[in-house]
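Colleague: I am new to this structure and would love a close look at one part of it. Could you take me through the aromatic rings, and then show me what else is worth finding from there?

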Amino acid sequence: MIVFPCAKINLGLNIVSKREDGYHNLETVFYPIPLYDALEIKYMDEKFPSDTACDLKVTGNAVDCDEQKNLVVKAYHILAADYQLQRIHTHLYKHIPSQAGLGGGSSDAAFMIRLLDERFRLNIGNPEMERYAARLGADCAFFIEAEPAYAEGIGDVLMPADGPDGNLHGYYLCVVKPDVAVSTKEAYSAITPKKPAKSCRDIVRQPIETWKEELVNDFEEPIFKMHPELAAIKQKLYDQGAVYASMSGSGSALYGIFKEEPKGIEEQFDGMFCEVMKL
């Protein structure tokens, strides 16, 4: 069986307070986008000489991680602790850029839970699958349903977002990921948490033309100071005609939303991951 884990972008991201556990409470709108990995599982023959119950092969983009520490394998083991699962071969093809703020690893983990639930007929149900996923990462739970959602807490408290689905239907999205490593820890240390004047949930319900002046990612200010080349990419997206552009999560991917297909835009970001898709 095969599934196609999707990426996400953040439509606004506000760091509202610091928690006693050292993490931060945030407010954001998660929006799924048609940028995919591929994940396939097959039964492992009982005679196959494997030391692990979930044998993982990763192809496509390189992943700097021991395969047995990959979230896909952790997703298998977190379910195997409560359900009887057969040993499996797993193939993960990575297309979503890593360390980009696009949620690729979290999506892979959540889709693994969904895939195991379907393949082994566990009948877990989405609410319980979300609870399992949340144990693997703050934004993993979102990918169980992978529908636009407003998130609070550390990104694990999800509520329906009745926008922006209608706002963005038919628009084009350009995602750009330069070869830049962002220190999320440093970015958090440079932010003074505060409640925004207007919730991103309310802003994304407005016409997209209003977003440029109101919809903010709090990580941009400190990260752009550390990596001014990221600010330059955002400006170039606007120069190419984007009606809204932003960094996703804590970066380093940026995206632009266009009313018309931005033909030839890949040439403007030569040497970087750059992909255009219709929403």
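Modeller: Happy to: we will begin with the aromatic rings and then go on to charges over rings, a pocket and some backbone details. Please keep in mind that this is a predicted model.

A search of the whole structure turns up six aromatic pairs. Let us start with F30 and F142, whose ring centres are 5.1 Å apart and whose planes meet at 40°. A pair counts as tilted when the angle is neither under 30 degrees nor over 60, so the rings of F30 and F142, at 40°, make a tilted pair. This pair links distant parts of the chain, with the two positions 112 residues apart in numbering. F30 belongs to strand β3, which covers residues 24-36, while F142 is in helix α4, residues 142-145. Are these two rings buried or exposed? F30 has a relative accessible area of 4% and F142 one of 2%; buried means under 20%, so both F30 and F142 are buried. The two are also part of a wider group, as F30, F142 and F143 form one aromatic cluster.

A second pair to look up is Y244 with Y255. Their centres are 6.2 Å apart, with 55° between the planes, and this pair is tilted too. Here again, distant parts of the chain are linked: Y244 is in strand β10 (residues 244-247) and Y255 in strand β11 (residues 254-258), eleven residues apart. Y244 counts as buried because its relative accessibility is 2%, and Y255 is buried as well, at 0%.

These tyrosines also lie inside a stretch with a record attached. An unreviewed UniProt entry places the feature "domain: GHMP kinase C-terminal" at residues 206-264. Over residues 206-264, the chain is 39% helix and 15% strand, and the C-alpha atoms at the two ends are 29 Å apart.

Rings can also have a charge over them. The charged end of K212 sits over the ring of Y238, 4.1 Å from the ring centre. In a similar arrangement, R114 has its charged end over the ring of F111, 4.2 Å from the centre.

Now for the largest pocket, which has a volume of about 1,300 Å³. It is lined by 45 residues, and the closest to its centre are G101, G103, S106, D139 and S250. Strand β3, where we met F30, is among the elements that each supply at least two lining residues, together with β2 (6-18), β6 (88-94), α2 (104-119) and α6 (184-189). By class, the lining consists of 20 nonpolar, 19 polar and six charged residues.

Finally, a few backbone details. Most residues other than glycine have a negative phi, and most peptide bonds are trans. Against that background, G251 and S252 are joined by a cis peptide bond, with omega about 15°. S252 lies in the loop between β10 and β11, the two strands that hold Y244 and Y255. In the loop between α2 and α3 (126-134) you will find R121, and N123 is in the loop between α2 and α3 as well. Phi is positive for R121, near 50°, and also for N123, near 55°. Exposed means over 50% relative accessible area, so R121 counts as exposed at 71%, and N123 is exposed at 69%.

Note on methods:
Residues numbered from 1 in each chain as written. Predicted model: local features only at pLDDT ≥ 70, side-chain atom pairs only at ≥ 80, totals over all residues. Heavy atoms only, no water. Phe/Tyr/Trp six-rings, centres within 6.5 Å; stacked < 30°, edge-to-face > 60°. Helix = DSSP H or I, 4+ residues; strand = E, 2+ residues; numbered from the N terminus. Buried < 20%, exposed > 50% of the residue type's maximum accessible area, 1.4 Å probe, protein only. Lys NZ or Arg CZ within 6 Å of the ring centre and 35° of its normal. UniProt positions renumbered as here; feature names shortened; annotations may be inferred. 1 Å grid on protein atoms, 1.4 Å probe; cavity = no way out; pocket = protein on both sides within 12 Å on 5 of 7 lines; lining within 4 Å. Points joined across faces, edges and corners; volume = space filled by probe spheres on them. Nonpolar A, V, L, I, M, F, W, Y, C, P; charged D, E, K, R; others polar.
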